[in-house]
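I opened this entry to record what I looked up, beginning with a single residue and then turning to the nonpolar cores.

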Amino acid sequence: MTKDLTSPSDQAGGTTVAMAVLNAIQNPVIMVDESGFVVFANWEAEAFFGASASHLARYRISTFIPFGSPLLALIDQVRERKAPVNEYRVDLSSPRLGQDKLVDLYVAPVLSEPGAVVIVFQERSMADKIDRQLTHRAAARSVTGLASMLAHEIKNPLSGIRGAAQLLEQSAIDDDRALTRLICDETDRIVSLVDRMEVFSDERPVDRMPVNIHSVLDHVKAVAKAGFARNIRVTESYDPSLPAVYANRDQLVQVFLNLVKNAAEAVGDRPDGEIMLTTAYRPGIRLSVAGTREKISLPLEFCVHDNGPGVPSDLLPHLFDPFITTKPNGSGLGLALVAKIIGDHGGIIECDSQNSRTTFRVLMPASKDASLEDATTASSTGPSR
């Protein structure tokens, strides 16, 4: 005997199920009636618009989106064609919704309600960040080939040039010795640069184990305070319940020393300069692993914040590319190496910079071994400042 789905009780039950399904969707979903009023909003939509469903229902959708937004034209188009429409990379940024509200839109008619449409918002921020990570890894691979070639084709001739300059220096007059010394210094500088690039050609598997990230960050802080950040306030806010990260400890030290050094250089001599180290658990971010159907979770978030002048907006999308730098004497390889190390660990790194606040955010997988002995050491017993 088939169930009669048209009975009032079943309709009520169906509505409850439908609401539960829509609220479980991790994308904002709203329904707009023929007059443009918001007649339904799921929980994600309430968070997206920063208002409750009952508050949204008092106003037309045009109240909440920027003036002249293409979303309004899409709604009219769907009503006219009575067919769904997709639009990608629509900017809804506004003082009401906040900055960086770049979304993909799916707008579809509700055939049972004339003039009504359903709108699904897919926020682009995380997708774009992951796309940039893939670009950074491709750039690092291009440097790998370049590094191997440079090591082979340049270091040997440079050794000969330096040797010849040293021989000339022995018989040169005082005025010429400065020139031979310049030749030696410049060849040493080029060899040092090539040595740094050779790191990119190291394709050996990373030797990893469970690591207490708080002991790593405390070590980095101690090194920084003893040297380049001795006059800068360095604070920390740690999640004491954080599990171990599955990583190579020495490489993590290298990553965060680089990030903290960059932050110190950005802060400079300003009297209110500050660097903050934070850790947190952020479930929900999962990435596909190349060559397999397996997906890995990246719940561990480690951040280095500074209140320096920030990164220029035109440089931000290319910050982890090789040879990109704002420093007069920088090589542009430091952040590229950081991106390679984090990528080799299966994680991602991103940078947010606005309003004199820059954050480098590292997302990494947790260790499968939950029995790390030093996971509860003094460095991670609670938030500190």
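My notes on the residue and on the cores follow.

I kept in mind that this is a predicted model, in which local features need pLDDT of at least 70, side-chain atom pairs count only at pLDDT 80 or more, and totals for chains, interfaces and linings use all residues. Residues are numbered from 1 along each chain as its sequence is written, and side-chain values use heavy atoms, with hydrogens and water left out.

I looked up Arg-361 and found it in strand E14, residues 357-364 (strands, E, are DSSP runs of at least two residues and helices, H or I, of at least four, numbered from the N terminus). Arg-361 counts as buried because its relative accessibility is 18%, buried meaning under 20% relative accessible area with a 1.4 Å probe and protein chains only.

I then checked polar contacts (pairs of N or O atoms within 3.5 Å; within protein, one must be able to donate a hydrogen and the other to accept it, and residues adjacent in sequence count only if both atoms are side-chain atoms). The side chain of Arg-361 makes one with the side chain of Glu-301 at 3.3 Å and one with that of Asp-352 at 2.7 Å.

Next I looked up the largest nonpolar core (buried Ala, Val, Leu, Ile, Met, Phe, Trp, Tyr and Cys residues joined through side-chain atoms within 4.5 Å), which has 42 residues, and Ile-275 and Phe-302 are among those touching the most other members. Helix H9 (249-267) and strand E14 are among the elements that each supply at least two residues, and H9 gives the largest share, nine residues. I also noted a second, separate core of 26 residues, including Ile-30 and Leu-97.

How values were computed. Buried < 20%, exposed > 50% of the residue type's maximum accessible area, 1.4 Å probe, protein only.
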